[in-house]
Amino acid sequence: MAALARTSRPLHESGEESVFASDVVGGLLATPKRVPPKYFYDETGSHLFDRITELPEYYPTRCEMRILEEQAAEIAKLIPPGAALIEFGSGSNRKARILLKAAPQLACYVPVDICGEMLEQEAVELRPDFPQLKVLPVTADFTQDFDLPPEAKAAAVRVGFFPGSTIGNFEPHEAAAFLRHAGKMLGPGARLIIGADLIKPAEVLNAAYNDKAGVTAQFNLNLLTRINRELGGNFNLAAFEHHAFFNRERNRVEMHLASLKRQKVKVNGETIDFRAGETIHTESSYKYSIEKLGALARGAGWRPLGAWTDARNYFSIQAFELTDEPPVRAAG
Ligand code: AVJ
C-alpha cells in the first residue's frame, strides 16, 4: 500500500527538490516544528512501512485486507457494469486485486501514483491475471488535478478507491477538500470506496505506533536520515527519539521526533535551534467513526451507501455516491 506520495526516486530527478527543501526548512522554522508525513516514503521509508504492515501490533493493513476479502462481493455490487476503478495513491495493487476479482464488470482500472516506475511494474504483474481489463496507470500527485485516460472518461461511471487509511494523514479540512476534489475528478454518478481507521481504545492505538521491534521508530527517524542525505542536514539521530501517542481530544495518533537535548542542526544552509524536549511533529493519523467520516463526506457532496467493519470494529471500508447533479449546459 502506498501513502500519500510514495516517492522512491530521488526528488531532484523529478524537479521537486526545492519543494522538499522549502517544506522541510519552512516546517522546521515554524512553531511548533513539523515536517509533512509524505516525506517518509523514500526507498528506505517505503520498505520500513511494508515491514510495519507485518508487525503484530499494527492491525490496520490486516484488518482492511480481511474486510475486503470478506465483503468483496457486497462492495462489488456498488460497481456498475462498464465502470472504471480509479485508485488514489495505489502503490502496491494488493488491495485492488481483491476488488478486481470480485468485480469482473469493470472496464478499466486506473492506478494513480506519484511513482511511475512502481506503477508500470505493478501493471505488468496485474495484466496477465485480468486479461479482459484495461490497466491504465497514471503518474500523478492524486491530490492535484490530473487527466484521466480517455477510456476512463468514456466509462459508464467512475469509482474511486482510496484504501489504507491514507485519508487519516490529512487534516479534517484537507480530507474534506480531497473528497470534493475526488468528486470533481470522477464526475456524475461517481462512487467512492474508502478505507478508514476507526477510533478505538488508546492502548491498542499506542501499541500499533510503538511496536516492540522498534520498526515504527526507525520509520520515523529515517526522515532525519533522508533530510541529512538529500538536504545536506547534520541531524545526529542518537540525539532524537521517536514519540507516538493517541491524542484523544483530536482523535489522532501523533508521531513526533523529540530532541533529547538543547542543540543546533543545519539543514540546507539554515540553522535550526532545538530546546531540550522540543519535538518535530512528523505525522497525524486521524481516526474516524463511521458517522464522522459520513458527515465529512456529506459536506463534500457524497452520500453514504454502506460501511463494513471487522469483528473487533478496528477498521472500516465505507462507500459513497456523488450527490451533485452535473452542471446543466446551456443549449446551442
Ligand atoms: C499509511 C498513513 C495509514 O497512519 O497508520 C504507520 C502510516 N505511520 N505507522 C498510518 C504509519 C506510522 C500509516 N498510513
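**Group meeting: a chain and its ligand**

Hi everyone. Buried residues, meaning those under 20% relative accessible area with a 1.4 Å probe and protein chains only, make up 57% of the 332 residues in this chain. Before I go on, this is a predicted model, where local features need pLDDT of at least 70, side-chain atom pairs count only at pLDDT 80 or more, and totals for chains, interfaces and linings use all residues. Residues are numbered from 1 along each chain as its sequence is written, and side-chain values use heavy atoms, with hydrogens and water left out.

Let's start with the overall fold. The chain has 10 helices and 14 strands; these are DSSP runs numbered from the N terminus, helices being H or I with at least four residues and strands E with at least two. For 332 residues, a compact globule would have a radius of gyration near 20 Å, and the chain agrees, with 20 Å. That radius is taken over C-alpha atoms, and the globule rule is 2.2 Å times the number of residues to the power 0.38. Counting contacts as heavy atoms within 4.5 Å, 71% of those between residues at least 6 apart in sequence join residues at least 24 apart.

Now, the ligand. Which residues come nearest? Of the 13 around the ligand, they are Y58, G164, Y209, E283 and S285, where being near takes a heavy atom within 4 Å. The side chain of Y58 has an N or O atom 2.5 Å from an oxygen atom of the ligand. Y209 also places a polar side-chain atom 2.5 Å from a ligand oxygen, and for S285 the distance is 2.6 Å. The cut-off for such a polar contact is a pair of N or O atoms within 3.5 Å. Taken alone, the ligand exposes 350 Å², and the protein buries 99% of that, with areas from the Shrake-Rupley method. At least two residues of the shell come from each of α2 (43–52), α9 (215–230) and β12 (279–286).

Finally, some backbone geometry for you to look at. Most residues other than glycine have a negative phi, and most peptide bonds are trans. Here, the bond from T31 to P32 is cis, with omega near -10 degrees, and P32 sits in the loop between α1 (17–29) and β1 (33–34). S165, not a glycine, has a positive phi of about 55 degrees; this serine is in the loop between β6 (158–162) and α7 (172–186). Is S165 buried or exposed? At 10% relative accessibility, S165 counts as buried.

Thanks for listening!

Note on methods: A polar contact is a pair of N or O atoms within 3.5 Å; within protein, one must be able to donate a hydrogen and the other to accept it, and residues adjacent in sequence count only if both atoms are side-chain atoms. Accessible areas come from the Shrake-Rupley method with a 1.4 Å probe; for residues, only the protein chains shown count as cover. Buried means under 20% relative accessible area, exposed over 50%, partly exposed in between (1.4 Å probe, protein chains only).
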